Amino acid sequence: MIEVGKTNSALQILSLLLVFLIHCQASTHYNWVVKGATYTRLCSTKKILTVNGKFPGPVLQAHKGDTIYVNVHNKGSHNITIHCFCNFVARHGVKQPRNPWSDGPEHITQCPIQPGDQFKQTIIFSNEEGTIWWHAHNDWARATVHGSIFVYPKRGASYPFPKPHEQVQIILGQWWRRDVREVLEEFIRTGGAPNVSDAHTINGQPGDLYPCSKSETFKLLVDQNKTYLLLIVNAAMNTIFFYSIANHNLTVVGVDGSYTKPVTTDYMTISQTIDAVSITNQQVGQYYMAARAYSSTLLIPFDNTTTTAIVEYKKIGNNFTPFSSTPPLPHLPYYNDTNAAFTFYDNLKSLANEHHPIDVPIKITNRLDPLNYNLIDPPLRNTVAVPISGWAAIRFHANNQGVWFLHCHLEHHLTWGMNTVFIVKDGKNKKERLLPPPPRMPTC
Ligand SMILES: *[C@@H]1O[C@H](CO)[C@@H](O)[C@H](O)[C@H]1NC(C)=O
Ligand SMILES: *[C@@H]1O[C@H](CO)[C@@H](O)[C@H](O)[C@H]1NC(C)=O
Ligand SMILES: *[C@@H]1O[C@H](CO)[C@@H](O)[C@H](O)[C@H]1NC(C)=O
Ligand SMILES: *[C@@H]1O[C@H](CO)[C@@H](O)[C@H](O)[C@H]1NC(C)=O
Ligand SMILES: *[C@@H]1O[C@H](CO)[C@@H](O)[C@H](O)[C@H]1NC(C)=O
Ligand SMILES: *[C@@H]1O[C@H](CO)[C@@H](O)[C@H](O)[C@H]1NC(C)=O
């Protein structure tokens with residue numbers, strides 16, 4: 001199995017990924033209805049699974065340290081679980097201290113929510129700040145059942161960077177013309193690799209470079225000389241993206257729900273979530289933002305198409321001159337540019353200051369090798385990208401009691417079995433014991 005993974009895959013990620021303007025309004029109770037909805041993309045129409053009929057799904061908003069409740073009603077015709085979200089060090093999303101009950105992996109921490117049933121999930125935020133996300137955690141439902149989670153600073157606290165003029169959600173995704181269940185079933189039946197997707201999407205839209213898509217391309221209207229905080233999620237099933245905006249820099253301020261030292265760049269490698277600031281310091285006009293796959297080898301099939309959206313400056317005064325018909329496209333690293341992908345990752349450093357300390361374990365009980373690591377300000381990640389023949393060292397305190405699913409976040413690798421479970425046992429004192437399960441867990 002591992003051999004198959006190695007030869008067929010560009011990358012393995014361990015899960016330890018519309019522009020809408022966001023109003024900073026956190027609520028504590030959410031009602032979600034999982035149901036089918038009809039969507040048309042790439043000149044064809046199909047029924048997809050959604051939350052509340054939306055693709056991408058609804059946003060969850062909270063302040064650092066909040067607890068929220070999401071009541072998930074399954075009105076679809078298939079089992080579902082929602083990953084709001086694990087785990088461990090190496091949390092993929094929310095750490096959920098001592099509360100694996102709402103983590104979501106099907107048949108790992110819970111039975112699925114069967115059609116007609118419901119489950120109220122408790123999401124306990126602890127140290128996460130910035131953008132994370134939620135998604136279905138069974139079969140391939142997450143292709144369309146996913147959305148962002150924005151965790152704002154504690155009430156009364158401010159961002160560790162100048163307050164942006166506006167916040168904008170950007171969700172990168174993948175679209176198959178066929179029903180994703182058919183793609184999954186065929187993939188399992190043949191034992192090969194799944195068919196590659198037909199499009200990548202930004203806020204649910206493929207963009208100008210695909211058929212039947214231009215009229216619905218996502219457009220972000222901006223004012224000149226303002227600062228925009230982009231809250232970016234890579235919700236794709238099996239792709240890491242290169243992302244860039246023509247003529248605009250991006251300053252990364254957070255990654256995987258943890259703020260970082262600011263780094264200014266003209267492209268980003270997005271494996272899960274990134275918070276980045278962009279300043280609209282260009283002439284009034286239109287500029288493409290674009291994303292396409294990073295694949296560490298070209299020898300395996302992957303979706304090599306490019307998704308776009310438009311950043312459009314609001315016109316000033318009585319300027320009625322139409323925009324030129326072809327906005328500039330940004331330069332993106334070539335698909336197999338592993339150097340570009342990892343230069344970006346290597347530049348990320350955590351804040352590691354008084355207000356945003358980073359708890360790097362210094363004393364190691366079991367040292368596996370003698371290499372030198374950054375123990376001062378490494379970024380806190382919930383996923384680690386590992387290129388073909390590469391490796392990663394993960395250092396963590398096993399201090400979150402529960403059962404935690406550690407897995408490759410490229411969905412087909414999960415099917416191939418690239419996953420395991422960590423069990424962190426109860427400690428001696430009361431704060432080191434599992435919380436009790438919620439009253440009504442789904443049953444099998
Ligand atoms: C997968 O791709 C093959 C080759 O293009 C095609 O024949 C098949 O119908 C596709 N299957 C699905 C489920 O998309
Ligand atoms: C933005 O800044 C430029 C350069 O300072 C200036 O020429 C322009 O008028 C400013 N635009 C607005 C809308 O303030
Ligand atoms: C982008 O950043 C570089 C390096 O900091 C700077 O030289 C350049 O002027 C910036 N470009 C824009 C469009 O802000
Ligand atoms: C994308 O892949 C197809 C084959 O799957 C190939 O024909 C095409 O040239 C590739 N396009 C780019 C831009 O690399
Ligand atoms: C990327 O692919 C191109 C075209 O096949 C090849 O020339 C180049 O050596 C590859 N680069 C890397 C880093 O593998
Ligand atoms: C749905 O979940 C139940 C309980 O785990 C299981 O018995 C049933 O086989 C599942 N149905 C499908 C279609 O997977």
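In the predicted model, five strands assemble into an open sheet with the order β12-β20-β19-β14-β17, and their pairing is mixed. The edges of this sheet are occupied by β12 (219-222) and β17 (268-270); each has a single partner strand, so one side of each lacks a neighbour in the sheet. On average, and with direction ignored, adjacent strands of the sheet are turned by 25° against each other. At the β12 edge, the pairing with strand β20 (residues 307-313) is parallel and comprises four bridges. Within this pairing, Val222 has Tyr313 of β20 as its bridge partner.

According to UniProt, in an unreviewed entry, the feature "domain: Plastocyanin-like" is located at residues 35-154, 167-315 and 368-427. For the span 167-315, the C-alpha atoms at the two ends are 20 Å apart, and the content is 7% helix and 48% strand.

Helix α2 comprises residues 180-190, in which Val180, Val183 and Leu184 are buried. These residues lie on the same side of α2 because they cover an arc of only 95° around the axis. Glu182, Arg189 and Thr190, by contrast, are exposed on the other side of the helix. Immediately after α2, Gly191 adopts a positive phi of about 75°.

Residues of α2 also contribute to the surroundings of ligand 1, which consist of Arg178, Glu182, Val183, Glu186 and Asn195. Classified by type, this shell contains three charged residues, one polar residue and one nonpolar residue. Of the residues around ligand 1, Val183 is among those buried in α2, whereas Glu182 is among those exposed on the other side of the helix.

Conventions:
Residues numbered from 1 in each chain as written. Chains lettered and ligands numbered in written order. Predicted model: local features only at pLDDT ≥ 70, side-chain atom pairs only at ≥ 80, totals over all residues. Buried ≥ 20, exposed ≤ 12 C-beta atoms within 10 Å, placed from the backbone. Arc of directions from axis to C-beta. UniProt positions renumbered as here; feature names shortened; annotations may be inferred. Near = placed C-beta within 6 Å. Nonpolar A, V, L, I, M, F, W, Y, C, P; charged D, E, K, R; others polar. Pairing = 2+ DSSP bridges. Axes fitted to C-alpha atoms, helices over the stretch in contact; angles between N-to-C directions.
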